[in-house]
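Reader: I've got a fresh model on my screen and a few questions about it. Can we go through it piece by piece?

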Amino acid sequence: MDVAAGDRRCGCKGPMEPIAVCVRYDGEWALVHRCKACGAMRLNRIAGDDNPLALMSLATRPLARPPFPLDRLAVDTRRGH
Ligand SMILES: [Zn+2]
C-alpha cells in the first residue's frame, strides 16, 4: 500500500485537514483527516515529516477543552468508595 506523505487530498480534490489523532491496536498513531470540501474522513498513517508537537496538540485538544465541568468527575469518583 502506497501512502505518500503528500497524499493528503480527497477524491473530490478538496484539501484534507487533520482533525484528530487515534492509536491503532499495534500502538501506531494515525491521523484522522476531514475533507474541507465534502466532509469525507480518511485515516492516514503518521508521516515522517509530521510535526510531533502539532500531533501532541491535536491529541490533547479534547482533554484541554472538556465539554463538561471537571469537578463533576471528582464527585463520581468518590461515590465508588
Ligand atoms: Zn472531498
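Author: Sure. One term before we start: a donor here is an N, O or S atom within 2.8 Å of the metal, and since water is not among the atoms, sites may look incomplete. Keep in mind, too, that this is a predicted model.

Reader: Then let's go to the metal. Which protein donors does the zinc ion have?

Author: The donors lie 2.3 to 2.4 Å from the zinc ion. Along the chain they follow the spacing C-x1-C-x22-C-x2-C. Each one is an SG atom, and the residues are Cys10, Cys12, Cys35 and Cys38.

Reader: What arrangement do the 4 donor atoms around the zinc ion make?

Author: Four donors count as tetrahedral if all angles lie between 85 and 135 degrees. Here the 4 donor atoms subtend angles of 102 to 119 degrees, so the arrangement is tetrahedral.

Reader: Where do cysteine 12 and cysteine 38 sit, and how many residues apart are they?

Author: These two zinc donors link distant parts of the chain. Cysteine 12 is in the segment before β1, while cysteine 38 is in the loop between β2 and β3 (41–45). Their separation is 26 residues.

Reader: Is cysteine 12 buried, partly exposed or exposed?

Author: Buried means under 20% relative accessible area and exposed means over 50%, with partly exposed in between. Cysteine 12 has a relative accessible area of 40%, so it is partly exposed.

Reader: Lysine 13 is in that segment before β1 as well. What is its phi near?

Author: Lysine 13 is exposed, with a relative accessible area of 63%. Its phi is positive, in a residue other than glycine. The value is near 75 degrees.

Reader: Let me zoom out. In what order do the elements of the protein chain run?

Author: The protein chain has 2 helices and 3 strands. Read from the N terminus on, the order is β-β-β-α-α.

Reader: How many bridges join β1 to β2?

Author: Strand β1 covers residues 16–23 and strand β2 covers residues 29–35, and the two run antiparallel. Among the paired residues, glutamate 17 stands opposite arginine 34, and methionine 16 has cysteine 35 as its bridge partner. That cysteine 35 is also one of the zinc donors. The number of bridges between β1 and β2 is 7.

Reader: And which residue in the turn of that hairpin has a positive phi?

Author: β1 and β2 form a hairpin with 5 residues between them. In the turn, a positive phi of about 90 degrees belongs to glycine 27.

Reader: What about the hairpin of β2 and β3: which residue takes a positive phi there?

Author: β2 and β3 pair in the antiparallel sense over 5 bridges. Their hairpin has 5 residues between the strands. The residue with a positive phi, near 85 degrees, is glycine 39.

Reader: How many of the 7 residues of β2 are buried?

Author: β2 pairs with β1 and also with β3. It is largely enclosed by the rest of the structure, because the number of its residues that are buried is 5.

Reader: Histidine 33 caught my eye in strand β2. With which side chain does its side chain make a polar contact?

Author: Histidine 33 is buried, with a relative accessible area of 2%, and it stands opposite arginine 42 in β3. The polar contact goes to another residue in strand β3, one that is buried too, with a relative accessible area of 7%. At 2.9 Å, the partner side chain is that of asparagine 44.

Reader: Now for helix α1 (residues 52–64), where leucine 55 is found. How far apart in space are leucine 55 and valine 21?

Author: Leucine 55 is buried, with a relative accessible area of 10%. Leaving aside neighbours within four places in sequence, it is in contact with Val21, Trp29, Leu31, Ile46 and Asp50. Leucine 55 and valine 21 are 34 residues apart in sequence, yet their C-alpha to C-alpha distance is 7.1 Å.

Reader: Last one: what share of the protein chain counts as buried?

Author: The accessible surface of the protein chain comes to about 6,400 Å², with 57% of it belonging to carbon and sulfur atoms. Of the chain's 81 residues, the buried share is 19%.

Terms used:
Residues numbered from 1 in each chain as written. Predicted model: local features only at pLDDT ≥ 70, side-chain atom pairs only at ≥ 80, totals over all residues. Heavy atoms only, no water. Pairing = 2+ DSSP bridges. Helix = DSSP H or I, 4+ residues; strand = E, 2+ residues; numbered from the N terminus. Donors = N, O, S within 2.8 Å, 3.2 Å for Na, K, Ca; no water. Tetrahedral: all angles 85-135°; square planar, octahedral: opposite > 155°, others 65-115°. Buried < 20%, exposed > 50% of the residue type's maximum accessible area, 1.4 Å probe, protein only. Polar contact = N/O pair within 3.5 Å; in protein donor to acceptor, adjacent residues only side chain to side chain. Areas by Shrake-Rupley, 256 points an atom, 1.4 Å probe, with all protein chains shown as cover. Contact = heavy atoms within 4.5 Å.
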